[in-house]
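Good morning, colleagues. I would like to take you through one protein chain, moving from a single residue to the rings, the charges and a helix.

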Amino acid sequence: MLRPARADDLNDLHDIFSDPVAMRFWDRPAYDDLNTTAAFLARLMKQDPARSYDLVVEHQDRCIGKAGMWRRPEIGYILHPAYWRQGLAFEALSAFLPHAFRRFDTEPVVTAECDPRNVASGRLLTRLGFRRTRQEKANFHYGGIEWCDTDYYELNRP
């Protein structure tokens with residue numbers, strides 16, 4: 001189920017955002033403390049509806065991740081690693097994308113970015129109908145640790 005974030009999602013979200021495996025291809029390394037996750041959750045609950053449409057992924061009454069348009073027109077998603085390779089991200093995004101196109105009815109495309117080493121995510125985007133438009137080399141400095149490449153994807157309005 002996709003739904004708006006709630007305050008009681010904090011611990012489940014922290015399980016995800018403090019996990020180095022889950023965060024390996026995110027925009028920064030794993031969160032060190034609960035306060036960082038709480039600040040992320042606060043932003044998620046108070047998002048600007050004109051710019052964002054970011055939802056929690058709930059499975060069996062537990063928050064297992066988030067999926068949505070975090071910054072129009074770009075989507076983002078993350079799941080707890082215990083739920084990887086079960087088709088849940090595909091299911092969540094397949095349900096989300098038609099709503100995003102209806103909500104933001106002037107957007108001709110939805111975009112996504114992906115580290116090319118994240119092969120599973122690249123496959124997911126392709127399976128959803130996205131096409132890779134380009135790759136930029138060493139354009140993202142992950143956590144001040146390493147320079148990473150980025151693949152850019154687009155999905156045209158159906």
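Leaving aside its neighbours within four places in sequence, which residues is F130 in contact with? Before the answer, please keep in mind that this is a predicted model.

F130 is found in the loop between α4, residues 119-127, and β6, residues 131-142. Setting aside the neighbours within four places in sequence, its contacts are I75, L97, V110, T111, A112, L125, Y153, E154 and L155. F130 is buried, with a relative accessible area of 3%. As for a longer separation, F130 and L2 are 128 residues apart along the chain, and their C-alpha atoms are separated by 21 Å.

A second loop residue may be set beside it. P116 is found in the loop between β5, residues 109-114, and α4. P116 is partly exposed, at a relative accessible area of 26%. If residues up to four places away in sequence are not counted, P116 touches Q135, D149, T150 and D151. The C-alpha atoms of P116 and E74 are separated by 17 Å, and these two residues are 42 apart along the chain.

I turn now to the aromatic rings. The count comes to 4 aromatic pairs. In one of these, F17 and W26 meet edge-to-face, with 5.6 Å from centre to centre and 65 degrees between the planes. Both F17 and W26 are buried. F17 also pairs with Y31: the ring centres are 5.1 Å apart and the planes lie at 15 degrees, so this pair is stacked. The stacked pair links distant parts of the chain, with F17 in helix α1, residues 10-17, and Y31 in the loop between α1 and α2, the two being 14 residues apart.

Why does F17 count as buried? Its relative accessibility is 0%, and buried means under 20%, so F17 falls within the class. Y31, at 7% relative accessibility, counts as buried by that cut-off. Ring pairs link F17, W26, Y31 and F40 into a cluster.

Rings also meet charges in this model. The charged end of R24 sits over the ring of Y142, at 5.2 Å from its centre. The charged end of R134 sits over the ring of Y152, and here the distance from the centre is 3.9 Å.

R24 brings us to the salt bridges, of which the structure holds 15. E146 forms one with R24, and their closest N and O atoms are 2.6 Å apart. This pair links distant parts of the chain: E146 lies in strand β7, residues 146-156, and R24 in the loop between α1 and α2, 122 residues apart. E146 is partly exposed, with a relative accessible area of 23%, and R24 counts as partly exposed at 27% relative accessibility. R24 and E146 also belong to a network of salt bridges, in which they are linked with D115 and R117.

Another salt bridge joins R62 and D12, whose closest N and O atoms are 3.2 Å apart. It too links distant parts of the chain, R62 being in strand β3, residues 62-71, and D12 in helix α1, 50 residues apart. Is each partner buried or partly exposed? R62 is partly exposed, with a relative accessible area of 27%, whereas D12 is buried, with a relative accessible area of 18%.

In a further salt bridge, D54 and K66 have their closest N and O atoms 2.9 Å apart. D54 lies in strand β2, residues 53-59, and K66 in strand β3, so the pair ties together parts that are 12 residues apart in sequence. Both D54 and K66 are buried.

Finally, I come to helix α3, residues 88-103. What span should its 16 residues have at 1.5 Å a residue? The expected span is 22 Å, and the end C-alpha atoms of α3 are 23 Å apart, which agrees. A kink of about 25 degrees nevertheless lies at F96 in α3, shortly before the proline P98. The buried residues of α3 are L88, A89, A92, L93, F96, L97, A100 and F101. F96, the site of the kink, is thus listed among the buried residues. L97, also buried in α3, is one of the contacts of F130, the residue with which this talk began.

Note on methods. Residues are numbered from 1 along each chain as its sequence is written. This is a predicted model: local features need pLDDT of at least 70, side-chain atom pairs count only at pLDDT 80 or more; totals for chains, interfaces and linings use all residues. Side-chain values use heavy atoms; hydrogens and water are left out. Rings of Phe, Tyr and Trp (its six-membered ring) pair if their centres lie within 6.5 Å; planes under 30 degrees apart count as stacked, over 60 as edge-to-face and the rest as tilted. Buried means under 20% relative accessible area, exposed over 50%, partly exposed in between (1.4 Å probe, protein chains only). Helices (H or I, at least four residues) and strands (E, at least two) are DSSP runs, numbered from the N terminus. A charge sits over a ring if NZ of Lys or CZ of Arg is within 6 Å of the ring centre and within 35 degrees of the ring normal. The expected span of a helix is 1.5 Å times one less than its number of residues. The bend at a residue is the angle between axes fitted to the seven residues ending there and the seven starting there. A salt bridge is a side-chain nitrogen of Lys or Arg within 4 Å of a carboxyl oxygen of Asp or Glu. Contact means heavy atoms within 4.5 Å.
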